[in-house]
Every structure is written in C-alpha cells, then in structure tokens.
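Q: I would like a close look at a single part of this structure, taken step by step. Please describe the part and then its surroundings.

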Amino acid sequence: MRVKEHLREIERKHHPMIRQTIEQQLNYEPDTETRNRKPLVRESDFEAEWELRFGPDNRFRVFYAVDSDRRQVQVLAIGVKRGSRLFIGGEEIEL
C-alpha cells in the first residue's frame, strides 16, 4: 500500500496523531467542507477528491476519496507541507 510508504517518510512520533486525526475527521461526514477539510479544485496524480490539513502549522496533508454509496473513505496519500512545497513519500509533488 502506497500510504504506508508515505508514512515511512514522516517521523514516527507523528504517526499516532495522524492516525487519530484521520479517524476523528473522516469518520463522520468526510465529504463536508470545513476549515481544514476541502475538496480539491484540480485533479491529482493519485485521484484524490479531498484534502485534510492538520498538525502543527497545518503541515500534514491527507488526500482521500469518498464513496458515498458504500459509505467508505479511501486514504490515497499522506504528505508534509514545508513552506510552499508538498512532499509525499519523500518526493516533491506539484498540485
């Protein structure tokens, strides 16, 4: 799974917070826009429809898709924002 590879590039001390935030934020109404949860305007390489921002200085990003019929959320990528640059799996990504 690619997401596990993405997590390997993030310090382990942040993993519990990432897991907890995903569970809290995406368990109920994952397709409802909030201050830190937004639909993506442009298509991404990993077919995500939504972005969740969180953590210190909103540095972490979770990209996901929602299947409303099945009531499922699929996390497709987890990244770290450094300044104006986004890194997923250690690689810089253009959005």
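Which element gives the most to the lining of the second largest pocket, and with how many residues?

A: In this predicted model, α2 gives the most to that lining, with 6 residues. The second largest pocket holds about 240 Å³ of space. Two elements give two or more residues to its lining, namely α2 (15-26) and β4 (72-82). The lining is made up of Leu7, His15, Ile18, Arg19, Ile22, Glu23, Leu26, Asn27, Val73, Val75 and Ile78. By character, these residues divide into 7 nonpolar, 2 polar and 2 charged.

Several names in the lining return in the nonpolar interior. The largest nonpolar core has 15 residues, and those that touch the most other members are Ile18, Ile22, Leu26, Val62, Tyr64, Val75 and Ile78. At least two residues of this core come from each of α2, β2 (50-54), β3 (60-67) and β4. Within this core, β3 gives the most, with 4 residues. A second, separate core contains 9 residues, including Phe46, Ala48, Leu86 and Ile93.

Tyr64 offers a view of the packing around the largest core. Residues up to four places away in sequence being left out, Tyr64 touches Leu26, Pro30, Arg37, Ala48, Glu49, Trp50, Glu51, Leu52, Val73, Gln74, Val75 and Leu76. Among these contacts of Tyr64 are Leu26, Val73 and Val75, and these three residues also line the second largest pocket. Ala48, another contact of Tyr64, is a member of the second core.

Two further residues can be placed relative to the elements already named. His14 lies in the loop between α1 (2-8) and α2. His14 counts as buried because its relative accessible area is 11%, under the 20% limit. Apart from neighbours within four places in sequence, His14 is in contact with Arg59 and Phe60. The C-alpha atoms of His14 and Val73 are separated by 21 Å, and the two residues are 59 residues apart along the chain. Val73 is itself one of the lining residues of the pocket.

Gln72 is found in strand β4. With a relative accessible area of 44%, Gln72 is partly exposed, whereas His14 is buried. Setting aside residues up to four places away in sequence, Gln72 touches Ala65, Val66 and Asp67. Gln72 and Asn58 are 14 residues apart along the chain, with their C-alpha atoms separated by 25 Å.

Technical notes. Residues are numbered from 1 along each chain as its sequence is written. This is a predicted model: local features need pLDDT of at least 70, side-chain atom pairs count only at pLDDT 80 or more; totals for chains, interfaces and linings use all residues. Side-chain values use heavy atoms; hydrogens and water are left out. On a 1 Å grid over the protein atoms alone, a cavity is a set of points where a 1.4 Å probe fits but cannot get out, and a pocket is an open set with protein on both sides within 12 Å along at least five of seven lines; lining residues have an atom within 4 Å of a point. Grid points are joined across faces, edges and corners, and a volume is the space filled by probe spheres set on the points. Ala, Val, Leu, Ile, Met, Phe, Trp, Tyr, Cys and Pro count as nonpolar, Asp, Glu, Lys and Arg as charged, and the others, Gly among them, as polar. A nonpolar core is a set of buried Ala, Val, Leu, Ile, Met, Phe, Trp, Tyr and Cys residues joined through side-chain atoms within 4.5 Å. Buried means under 20% relative accessible area, exposed over 50%, partly exposed in between (1.4 Å probe, protein chains only). Contact means heavy atoms within 4.5 Å.
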